[in-house]
Amino acid sequence: ELYPCERLGRMTNFGNIELIETVSDLINSSAVQHWRSDVFTLPSRCRSCQVQSLCHNGCTSNRVPDDDGVPLFVFCESRRAFYSYIQTRLKEECSV
């Protein structure tokens, strides 16, 4: 069996690797398309976040529904603070 990540466990399964003939078959499979849809669905809060391009709503195994029912990374606030801190430090160091 083929899984995208060990953290997701057996609930997210792309199928039997012996039955997948090409990478194209895998990428175009309904299981992968559904998984990609889940991965790339962003809560409205993420769309306007300054660190969205770095975080992209975190790992799907660590998401819980937000007020709109869209899964949100449970460590959003700490990750945002961390990335913001790093960005600030890099700007300071690069401006020297």
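The following dialogue examines how several features of this predicted model earn their descriptions.

Biologist: Why is Asn57 called buried or exposed, and where is Asn57 found?

Modeller: Asn57 is found in the loop between α4 and β1. Its relative accessible area is 1%, and buried means under 20%, so Asn57 is called buried.

Biologist: What makes His56 buried, partly exposed or exposed?

Modeller: His56 is also in the loop between α4 and β1 (63-65). Its relative accessible area is 24%. The range for partly exposed runs between 20% and 50%, and His56 is therefore partly exposed.

Biologist: What makes the phi angles of His56 and Asn57 worth noting?

Modeller: Most residues other than glycine have a negative phi. The phi of His56, however, is near 50 degrees, a positive value. Asn57, which is not a glycine, has a positive phi of about 65 degrees.

Biologist: Why does Asp66 count as buried or exposed?

Modeller: The relative accessibility of Asp66 is 19%. The cut-off for buried is under 20%, so Asp66 counts as buried. Asp66 lies in the loop between β1 and β2.

Biologist: What does Asp66 touch, and how far is its C-alpha atom from that of Arg45?

Modeller: Not counting residues up to four places away in sequence, Asp66 touches Pro43 and Leu72. The C-alpha atoms of Asp66 and Arg45 are separated by 9.3 Å, and these residues are 21 apart along the chain.

Biologist: How do you know that the side chain of Asp66 makes a polar contact with Asp68?

Modeller: A polar atom of the Asp66 side chain lies 2.9 Å from the backbone nitrogen of Asp68. The limit for a polar contact is 3.5 Å, so the pair is counted as one.

Biologist: What makes Ser29 buried or exposed, and which backbone nitrogen does its side chain reach?

Modeller: Ser29 is found in the loop between α1 (23-27) and α2. With a relative accessible area of 18% against a cut-off of under 20%, Ser29 is buried. Its side chain reaches the backbone nitrogen of Val32 at 3.3 Å, and the limit is 3.5 Å, so this too is a polar contact.

Biologist: Which residues form the largest nonpolar core, and what does Cys55 contact?

Modeller: The largest nonpolar core has five residues, namely Cys49, Val51, Cys55, Phe73 and Tyr83. Leaving aside neighbours within four places in sequence, Cys55 is in contact with Phe73, Arg79 and Tyr83.

Biologist: How do you know how many cavities to count, and what is the volume of the largest cavity?

Modeller: Rolling a probe the size of a water molecule over the atoms shows where empty space is left. The count comes to one cavity of 30 Å³ or more, and about 90 Å³ of space lies in the largest cavity. Of the 13 residues that line it, the closest to its centre are Cys46, Cys49, Val51, Cys55 and Cys76. Helix α5 gives the most to this lining, with three residues. By class, the lining has seven nonpolar, three polar and three charged residues.

Biologist: What is the volume of the largest pocket, and which residues are closest to its centre?

Modeller: The largest pocket has a volume of about 250 Å³. Thr12, His34, Trp35, Asp38 and Thr60 are the closest to its centre, out of 13 lining residues. Helix α2 (residues 30-40) provides the largest share of the lining, four residues. The lining of the largest pocket divides into six nonpolar, five polar and two charged residues.

Key: Residues are numbered from 1 along each chain as its sequence is written. This is a predicted model: local features need pLDDT of at least 70, side-chain atom pairs count only at pLDDT 80 or more; totals for chains, interfaces and linings use all residues. Side-chain values use heavy atoms; hydrogens and water are left out. On a 1 Å grid over the protein atoms alone, a cavity is a set of points where a 1.4 Å probe fits but cannot get out, and a pocket is an open set with protein on both sides within 12 Å along at least five of seven lines; lining residues have an atom within 4 Å of a point. Grid points are joined across faces, edges and corners, and a volume is the space filled by probe spheres set on the points. Helices (H or I, at least four residues) and strands (E, at least two) are DSSP runs, numbered from the N terminus. Ala, Val, Leu, Ile, Met, Phe, Trp, Tyr, Cys and Pro count as nonpolar, Asp, Glu, Lys and Arg as charged, and the others, Gly among them, as polar. A nonpolar core is a set of buried Ala, Val, Leu, Ile, Met, Phe, Trp, Tyr and Cys residues joined through side-chain atoms within 4.5 Å. Buried means under 20% relative accessible area, exposed over 50%, partly exposed in between (1.4 Å probe, protein chains only). Contact means heavy atoms within 4.5 Å. A polar contact is a pair of N or O atoms within 3.5 Å; within protein, one must be able to donate a hydrogen and the other to accept it, and residues adjacent in sequence count only if both atoms are side-chain atoms.
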